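Q: I'd like to learn how to read a strand and a charged side chain in a model. Can you walk me through one?
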Amino acid sequence: QVQLVESGGGWAQPGGSLNLTCKATGRPFSWYNMGWFRQTPGKDRDLVAAISWGSGATRHFDSVKGRFTISRDNPQNTMYLQMNRLQSADTGVYYCNQVTSVLDAALNNTWGQGTQVTVSS
């Protein structure tokens, strides 16, 4: 079982940038397809970006496409989410988790504490 810890959140102005980090311990991180999820108050967690374990193929969902970039460093057991041109709608708690082979949903319901992102002026 892999344990995941998210960090890097904080406050940013609209148009600003943040870089989130997901650090994995336990089983080799490189075995897993991974994704970043965002949860806003009263709503479900939504997958915003995902990356495959082998090819590094990525998927960015419409709400973040062109603004966010997911990447991973397998030897460092770390995944990143570079968030640019932030909008108030990006405010929420961000989580990382394993995702399915088609990069479209979480593979399990085990979640870390997440990292809070707040975008406001």
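A: Sure. Keep in mind that this is a predicted model. Let's begin with a pairing: in strand S10, Gln116 is the bridge partner of Val93.

Q: How many bridges join S9 to S10, and which way do they run?

A: There are 3 bridges between S9 and S10 (residues 115-119), and the two strands run antiparallel.

Q: Which strand do 6 bridges join to S9?

A: That's S4, residues 34-39, again antiparallel to S9. For a landmark in that pairing, find Gly35, which stands opposite Asn97 of S9.

Q: Is S9 mostly covered or mostly exposed?

A: A general idea to start: side chains in a regular strand alternate between the two faces of the sheet. Here, S9 spans residues 92-98 and is mostly covered, with 7 of its 7 residues buried.

Q: Now the charged side chain. What is the nearest side chain of opposite charge to Glu6, and how far away is it?

A: For a buried charge, look for an opposite charge, then for polar partners. Glu6 sits in strand S1 (residues 2-7). Glu6 is buried but has no salt bridge, since the nearest side chain of opposite charge, Arg45, is 7.6 Å away and the cut-off is 4 Å.

Q: Which backbone nitrogen does the side chain of Glu6 reach at 3.0 Å?

A: The backbone nitrogen of Cys96, at 3.0 Å. A polar atom of the Glu6 side chain also lies 3.0 Å from the backbone nitrogen of Gly114.

Q: What else does Glu6 touch, leaving out residues up to four places away in sequence?

A: Its contacts include Thr21, Cys22, Trp36, Tyr94, Tyr95 and Gln113.

Notes: Residues numbered from 1 in each chain as written. Predicted model: local features only at pLDDT ≥ 70, side-chain atom pairs only at ≥ 80, totals over all residues. Heavy atoms only, no water. Buried < 20%, exposed > 50% of the residue type's maximum accessible area, 1.4 Å probe, protein only. Helix = DSSP H or I, 4+ residues; strand = E, 2+ residues; numbered from the N terminus. Pairing = 2+ DSSP bridges. Lys, Arg positive; Asp, Glu negative; His and termini not counted. Polar contact = N/O pair within 3.5 Å; in protein donor to acceptor, adjacent residues only side chain to side chain. Contact = heavy atoms within 4.5 Å.
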